[in-house]
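Reader: I should be grateful for a close examination of one part of this model. Please choose a single strand and describe its surroundings in a connected account.

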Amino acid sequence: MNSISIKPYRRQINYYETDQMQVVHHSNYSRYLEESRLDLMEQLGISYARLEELGIIIPVLELHDYYTFALHFGDTVEIFPKITRLSPVRFSLTYEIRGLDGTLLHTAQTSHAFVDTEFKPMNLKKKYPEVYRIFESVLESTEE
């Protein structure tokens, strides 16, 4: 397992993210996941900005959301991203969105590719082994 302790990403739900019932519109969940990925990368010491400086782009290939409970205006949630699959050309994350009391509110999964600035697939392990090791250092086991 990994030796780096990752802190959850915490955020409060804004009014503009909700509908008339003050329930978060489904389109906002992908933004929350992206925010938590950005935060994860910062915690790992390799920001998205740094990746892009190196010529590494990590587009989303898949997104799966599983809605358990609605999020509402004013809620504060914690998002727990985990890298669960990693190969030299792709990786996947799972996410848990939890209330501050620990209640599981939402789960999600995203898959990404490592590509260059021309969107050609990149073997990250060969081209940037030090960056690959950073991803590898927090890879979580996914026994099902």
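Author: The account below takes strand 5 as its subject and then turns to the sheet and the core around this strand.

The model is a predicted one. Strand 5 covers residues 104-113 and is mostly covered, since 8 of its 10 residues are buried. The sheet to which strand 5 belongs is open and is formed by 5 strands in the order 1-3-4-5-2, with antiparallel pairing. Strand 1 (9-12) and strand 2 are placed at the edges; each has a single partner strand, so one side of each lacks a neighbour in the sheet. Averaged over the sheet, and with direction ignored, neighbouring strands are turned by 20° against each other.

In the order 1-3-4-5-2, strand 5 stands between strand 4 and strand 2. On one side, strand 4 (residues 90-99) runs antiparallel to strand 5, and 9 bridges join the two. On the other, strand 2 (residues 60-67) pairs with strand 5 over 7 bridges, again in the antiparallel sense.

Individual residues show how these pairings are arranged. Thr107 of strand 5 is the bridge partner of Glu96, and Thr107 is also the bridge partner of Tyr66. Leu104, likewise in strand 5, has Arg98 opposite. Strand 4 and strand 5 form a hairpin with 4 residues between the strands, and in this hairpin Gly102 adopts a positive phi near 95°. As a general point, side chains in a regular strand alternate between the two faces of the sheet.

The nonpolar core comes next. In soluble globular proteins, nonpolar side chains tend to be buried together. The largest nonpolar core of this model contains 33 residues, and Ile56, Leu71, Phe114, Leu124 and Phe135 are those with the most contacts inside it. Strand 5 is among the elements that each supply at least two residues of this core; the others are helix 1, helix 2, strand 3 (76-86), strand 4 and helix 4 (129-137). Helix 1 makes the greatest contribution, with 6 residues.

Leu71 links this description back to strand 5. Beyond residues up to four places away in sequence, Leu71 touches Leu105 and Ile97, and its other contacts include Ile13, Val24, Tyr32 and Val77.

In summary, strand 5 is joined to strand 4 by 9 bridges and to strand 2 by 7, and 8 of its 10 residues are buried.

Methods:
Residues are numbered from 1 along each chain as its sequence is written. This is a predicted model: local features need pLDDT of at least 70, side-chain atom pairs count only at pLDDT 80 or more; totals for chains, interfaces and linings use all residues. Side-chain values use heavy atoms; hydrogens and water are left out. Buried means under 20% relative accessible area, exposed over 50%, partly exposed in between (1.4 Å probe, protein chains only). Two strands pair if DSSP finds at least two bridges between them. Axes are lines fitted to C-alpha atoms, for helices over the stretch in contact, and angles run from 0 to 180 degrees between N-to-C directions. A nonpolar core is a set of buried Ala, Val, Leu, Ile, Met, Phe, Trp, Tyr and Cys residues joined through side-chain atoms within 4.5 Å. Contact means heavy atoms within 4.5 Å.
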